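Student: I would like a close look at one part of this model. Take me through it, then through its surroundings.

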Amino acid sequence: MQAWQVHENGEPSEVMRLADVARPVPGDGQVLLKVRAANINFPDVLMCRGHYQVRPPLPFTPGVEICGETEDGRRVIANPALPHGGFAEYAVADASALLSAPDSLDDAEAAALHIGYQTGWFGLHRRAHLEAGETLLVHAAAGGVGSAAVQLGKAAGATVIGVVGGAEKAAVARELGCDVVVDRRSEDVIGAVKEATGGRGADVVYDPVGGEAYTQSTKVVAFEGRIVVVGFASGTIPSPSLNHALVKNYAILGLHWGLYNTKNPKLVQHCHEQLTELAARGAIKPLVSERVPLAGAADAVQRLGDGVTTGRIAVVPTGAQA
């Protein structure tokens, strides 16, 4: 089969190589899956660079999220068991962690329903307890993680403010349903959010960016507000001033979604049931901006790492259905 492999760490476009390799052999409790679509996530970029908390042995195949097909023909969503990731024609995954792919979504959309939407659901509902009528601020609202949070916030009855970088991403955020869109490249984020909220600020801030975005969050979070930290796409990990959190009376909530797979897997299944129901009634629908063939995976991963993409990019191997 064909698979992308990383033999050394570096930029994805430089270290990912497409090769003919043997199909992976499932271990105990694992299944072989034909990859129908693989969604590109920021952890794929970080793993290529050697900067992710999980460091699979070299060489490895990136791709942490797929819609696959079992040997008996079932469509499933899975997180491949590294080092046999999803940017390949076949991958392996733990049988106990397979989730049914919703009939309401095609393969590429189903592949994109998992990590970003699970993270959004856990962040907004499990950690921040977002309520209808509250204001939600989402950084990088046009990206894969942010777009999921926007849709989930709207589905929960919140007023959603999306922060983006550039006019193209602003247009995408509006199409996603943001009530207010702030372009950080041409607007003062702090001033715009305060104006949009009558000076009150946002009840919940969803931050996959870190760096300057986090600093802005602390200045626009409302009384009894909650900042959910889900990642550091900016490359800068902020150092919170706890005296500021005390004086303004807000909470800083960390979210590592992957821990739930071992700490409380039943909650992951419950979340998937909620997401499937929301998808069935059209309340959420993954924004798949591109579908690229397997040969285009390295370039697509690099573009995600460079911050020039919107929504999700799905890698669709030859012969699979998009």
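Tutor: What follows starts with one helix, then moves to its partners and some further sites.

This is a predicted model, so local features need pLDDT of at least 70 and side-chain atom pairs count only at pLDDT 80 or more, while totals for chains, interfaces and linings use all residues. Residues are numbered from 1 along each chain as its sequence is written, and side-chain values use heavy atoms, with hydrogens and water left out.

Start with helix H4, residues 115–127. Helices (H or I, at least four residues) and strands (E, at least two) are DSSP runs, numbered from the N terminus. H4 is mostly covered, with 10 of its 13 residues buried. Buried means under 20% relative accessible area, exposed over 50%, partly exposed in between (1.4 Å probe, protein chains only). The buried residues of H4 are Ile 115, Gly 116, Tyr 117, Gln 118, Thr 119, Gly 120, Trp 121, Phe 122, Gly 123 and Leu 124. Just past H4 comes His 129, with a positive phi of about 50°.

Two packing partners come next. Two packed helices are described by the angle between their axes and the distance between the axes. The axes are lines fitted to C-alpha atoms over the stretch in contact, and angles run from 0 to 180 degrees between N-to-C directions.

The axes of H4 and H5 come within 8 Å and cross at roughly 50°. H4 and H5 are therefore oblique to each other. Under 35 degrees counts as roughly parallel, over 145 as roughly antiparallel, 65 to 115 as roughly perpendicular and the rest as oblique. The crossing of H4 and H5 is right-handed: the near helix is turned clockwise from the far one by less than a right angle. On the H4 side, the contact uses Gly 116, Tyr 117, Gly 120, Trp 121 and Leu 124. On the H5 side, it uses Ala 148, Ala 149, Gln 151, Leu 152 and Gly 153. Contact here means heavy atoms within 4.5 Å.

H4 also packs on H11, with axes 10 Å apart and an angle of about 100°. That makes H4 roughly perpendicular to H11. H4 gives Tyr 117, Gln 118, Trp 121, Phe 122 and Arg 126 to this contact. H11 gives Leu 267, Val 268, His 270, Cys 271, His 272, Gln 274 and Leu 275.

Stay with H5 for one residue. Ser 147 sits in this helix, which spans residues 144–155. Ser 147 is buried, at a relative accessible area of 2%. Its side chain reaches the backbone oxygen of Gly 144 at 3.1 Å. Beyond its neighbours within four places in sequence, Ser 147 is in contact with Ala 140, Ala 141, Leu 176, Leu 287 and Gly 311.

Now the core. The largest nonpolar core has 81 residues, and Met 16, Phe 122 and Leu 136 have the most contacts inside it. Such a core is a set of buried Ala, Val, Leu, Ile, Met, Phe, Trp, Tyr and Cys residues joined through side-chain atoms within 4.5 Å. Its largest share, 6 residues, comes from H11 (residues 265–280). A second, separate core of 17 residues includes Ile 161, Val 193, Ala 202 and Tyr 214.

Met 16 touches Trp 4, Gln 5, Val 6, Cys 48, Pro 62, Phe 87, Ala 297, Ala 298 and Val 301, leaving out residues up to four places away in sequence. Of these, Ala 297, Ala 298 and Val 301 are among the buried residues of H12. H12 (residues 297–305) is mostly covered, with 7 of its 9 residues buried. Its cover includes strands S1 (2–6), S2 (16–20), S14 (288–293) and S15 (312–316), as well as helices H1 (12–15) and H2 (42–49). Gly 307 follows H12 and has a positive phi, near 75°.

Next, a buried polar site. Asn 39 lies in strand S3 (residues 30–39) and counts as buried at 0% relative accessibility. Its side chain makes a polar contact with the side chain of Glu 65 at 2.4 Å. Asn 39 also touches other residues, including Asp 44, Phe 87, Ala 111 and Arg 312.

Finally, some backbone details. A cis peptide bond joins Leu 58 and Pro 59, with omega about -10°. Pro 59 is in the loop between H2 and strand S4 (66–69). The bond from Leu 82 to Pro 83 is also cis, with omega near 20°. Glu 224 has a positive phi, near 60°, and is exposed at 51% relative accessible area.

Conventions. A polar contact is a pair of N or O atoms within 3.5 Å; within protein, one must be able to donate a hydrogen and the other to accept it, and residues adjacent in sequence count only if both atoms are side-chain atoms.
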